[in-house]
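Reader: Could you walk me through this model, with the cut-offs spelled out as we go?

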Amino acid sequence: QVQLVESGGGLVQAGGSLRLSCAASGSSFRFSSMGWYRQAPGKQRELVTRIASDGSTNYADSVKGRFTVSRDTTENTVYLQMNSLKPEDTAVYYCNARVPGGLSLYEYWGQGTQVTVSS
């Protein structure tokens, strides 16, 4: 079982920055693929970025060059540095973990943290 706890959301003006953190419990963190997703009101949840256990990353086109994902295996934490924020980045941001277990892959979600960008 893995628990994910996000923090760092808030209200920021357009052009500003925020750093989200996701603290993961359990010893499987270093083997897990971690991701950030977001869901704006009335929209489907969408992928923002993922970081694999080997550190490779991928980003949604809408955030490339502005957002950076990183992970600290000693702290079991994944971060999302968000720069040059835009009003359209306003959403609830969710941390996601995909944890290998035998032949299966288990998926976990955090409770979400609100990011609001004012124009």
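Author: Happy to; here are some questions and answers on salt bridges, one buried side chain, a sheet and a core. This is a predicted model, where local features need pLDDT of at least 70, side-chain atom pairs count only at pLDDT 80 or more, and totals for chains, interfaces and linings use all residues. Residues are numbered from 1 along each chain as its sequence is written, and side-chain values use heavy atoms, with hydrogens and water left out.

Reader: How many salt bridges does the count come to?

Author: The rule asks for a side-chain nitrogen of Lys or Arg within 4 Å of a carboxyl oxygen of Asp or Glu. One of the pairs that meet it is Glu-107 with Arg-98, at 3.1 Å from N to O. By this rule the count comes to 5.

Reader: Which residues are linked with Arg-38 in a network of salt bridges?

Author: The side chain of Arg-38 meets that of Glu-46 at 2.7 Å and that of Asp-89 at 2.9 Å, both N to O. The network that holds Arg-38 links it with Glu-46, Arg-66 and Asp-89.

Reader: How many residues apart are Arg-38 and Asp-89?

Author: Their side chains form a salt bridge, and this pair links distant parts of the chain. Arg-38 lies in strand S4 (residues 33–39), while Asp-89 is in the loop between strand S8 (77–82) and strand S9 (91–101); strands here are DSSP E runs of at least two residues, numbered from the N terminus. The two are 51 residues apart.

Reader: Is Glu-46 buried or partly exposed?

Author: Buried means under 20% relative accessible area, exposed over 50%, and partly exposed in between (1.4 Å probe, protein chains only). Its salt-bridge partner Arg-38 is buried, because its relative accessible area is 5%. Glu-46 has a relative accessible area of 37%, so its class is partly exposed.

Reader: Which side chain makes a polar contact with the side chain of Asn-96?

Author: Asn-96 is found in strand S9 and is buried, with a relative accessible area of 0%. A polar contact is a pair of N or O atoms within 3.5 Å; within protein, one must be able to donate a hydrogen and the other to accept it, and residues adjacent in sequence count only if both atoms are side-chain atoms. The Asn-96 side chain reaches the backbone oxygen of Tyr-108 at 3.4 Å. The side-chain partner, at 2.9 Å, is Arg-50.

Reader: Which strands stand at the edges of the open sheet?

Author: In this sheet 4 strands run in the order S1-S3-S8-S7, with antiparallel pairing; two strands pair if DSSP finds at least two bridges between them. Each edge strand has a single partner, so one side of each is left without a neighbour in the sheet: these are S1 (4–7) and S7 (67–72).

Reader: What is the bridge partner of Glu-6 in S3?

Author: S1 and S3 (residues 18–24) pair in the antiparallel sense over 4 bridges. In S3, the partner of Glu-6 is Cys-22.

Reader: Which element gives the largest share of the largest nonpolar core?

Author: A nonpolar core is a set of buried Ala, Val, Leu, Ile, Met, Phe, Trp, Tyr and Cys residues joined through side-chain atoms within 4.5 Å. The largest has 28 residues, and those with the most contacts inside it are Leu-4, Met-34, Trp-36, Leu-80, Met-82 and Tyr-93. Among the elements that give two or more residues are S3, S4 and S8. The largest share, 5 residues, comes from S9.
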